[in-house]
Amino acid sequence: MEFSFEYFEILKQVNKTPSYTVMWAAFGVPLLIAVFMLCTIVIPNKDIKLKVNTAIISILGITWILGFITTILFLFTGISGIKLLAIWCTLFVSVSIFYIFHSTEIAKLYENFPLKE
């Protein structure tokens, strides 16, 4: 007996129409970035706010770009919506873990990136 995702109504809808996962990867992640950025307004310390904003932009930005490309390619190959959602979630977790372990090196890249005119 295999595990079935057909228990939840939302997952049934995602499985029927895998384009919902592609729409989430394309439009949901930028909205999520905006919501998280608005939530950081309450942080009073500027250094902590900068680190949190850098983490949000790095993790969700990379997930947004790679996730959209991956889901749109797999959509055309006929993979089900549940598998697309699992692939996107795996990508998000992988990028998050990578950022957590390499945040100091990534912060150095941001500091050394010249934005001079």
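At the start of helix 3 in this predicted model, a side-chain oxygen of Asn45 comes to within 3.1 Å of the backbone nitrogen of Asp47. The helix that follows covers residues 46–76. Its 31 residues extend 44 Å from the first C-alpha to the last, a value close to the 45 Å expected at 1.5 Å a residue. Just after helix 3, Gly78 adopts a positive phi of about 90 degrees.

Helix 3 is one element of a chain whose secondary structure consists of five helices and zero strands. Along the sequence, the order of elements is therefore written α-α-α-α-α, each helix being a DSSP run numbered from the N terminus. Of the 117 residues in the chain, 26% count as buried. The accessible surface of the chain amounts to about 8700 Å², and carbon and sulfur atoms account for 74% of that area. Contacts were also examined by their separation in sequence. Among those between residues at least 6 apart, 67% join residues at least 24 apart.

Several positions of helix 3 are covered by the rest of the protein. The buried residues of this helix are Asn53, Thr54, Ala55, Ile56, Ser58, Ile59, Leu60, Gly61, Thr63, Gly67 and Thr71. The buried residues of helix 3 pack against three other helices, namely helix 2 (19–39), helix 4 (81–101) and helix 5 (103–112).

Ser58 provides an example from within helix 3. Its relative accessibility is 5%, and Ser58 is classed as buried because this value lies under the 20% limit. The side chain of Ser58 reaches the backbone oxygen of Thr54 at a distance of 2.8 Å. When neighbours within four places in sequence are left aside, Ser58 is in contact with Tyr99, Ile106 and Tyr110.

A further view of the packing is given by Phe92, which is located in helix 4. Phe92 has a relative accessible area of 29% and is therefore partly exposed. With residues up to four places away in sequence not counted, Phe92 touches Ile59, Leu60 and Thr63, and these three residues are listed among the buried positions of helix 3. Gly67, also buried in helix 3, is separated from Phe92 by 25 residues in sequence, while the C-alpha atoms of the two residues are 8.1 Å apart in space.

Helix 3 also contributes to the surface of the model. A nonpolar surface patch of about 630 Å² is formed by Ile62, Trp64, Ile65, Leu66, Phe68, Ile69 and Leu73. Leu73 belongs to helix 3. With a relative accessibility of 53%, Leu73 counts as exposed, because the value is over the 50% limit.

Another pair of residues distant in sequence involves helix 1, which comprises residues 9–16 and contains Asn15. The relative accessibility of Asn15 is 27%, so this residue counts as partly exposed. Asn15 and Leu85 are 70 residues apart in sequence, and the distance between their C-alpha atoms is 9.2 Å.

Technical notes:
Residues numbered from 1 in each chain as written. Predicted model: local features only at pLDDT ≥ 70, side-chain atom pairs only at ≥ 80, totals over all residues. Heavy atoms only, no water. Patch = residues over 30% accessible without salt bridge, like charges linked within 9 Å, V, L, I, M, F, W, Y side chains within 5 Å. Areas by Shrake-Rupley, 256 points an atom, 1.4 Å probe, with all protein chains shown as cover. Salt bridge = Lys/Arg side-chain N within 4 Å of Asp/Glu carboxyl O. Helix = DSSP H or I, 4+ residues; strand = E, 2+ residues; numbered from the N terminus. Buried < 20%, exposed > 50% of the residue type's maximum accessible area, 1.4 Å probe, protein only. Expected span 1.5 Å × (residues − 1). Contact = heavy atoms within 4.5 Å. Polar contact = N/O pair within 3.5 Å; in protein donor to acceptor, adjacent residues only side chain to side chain.
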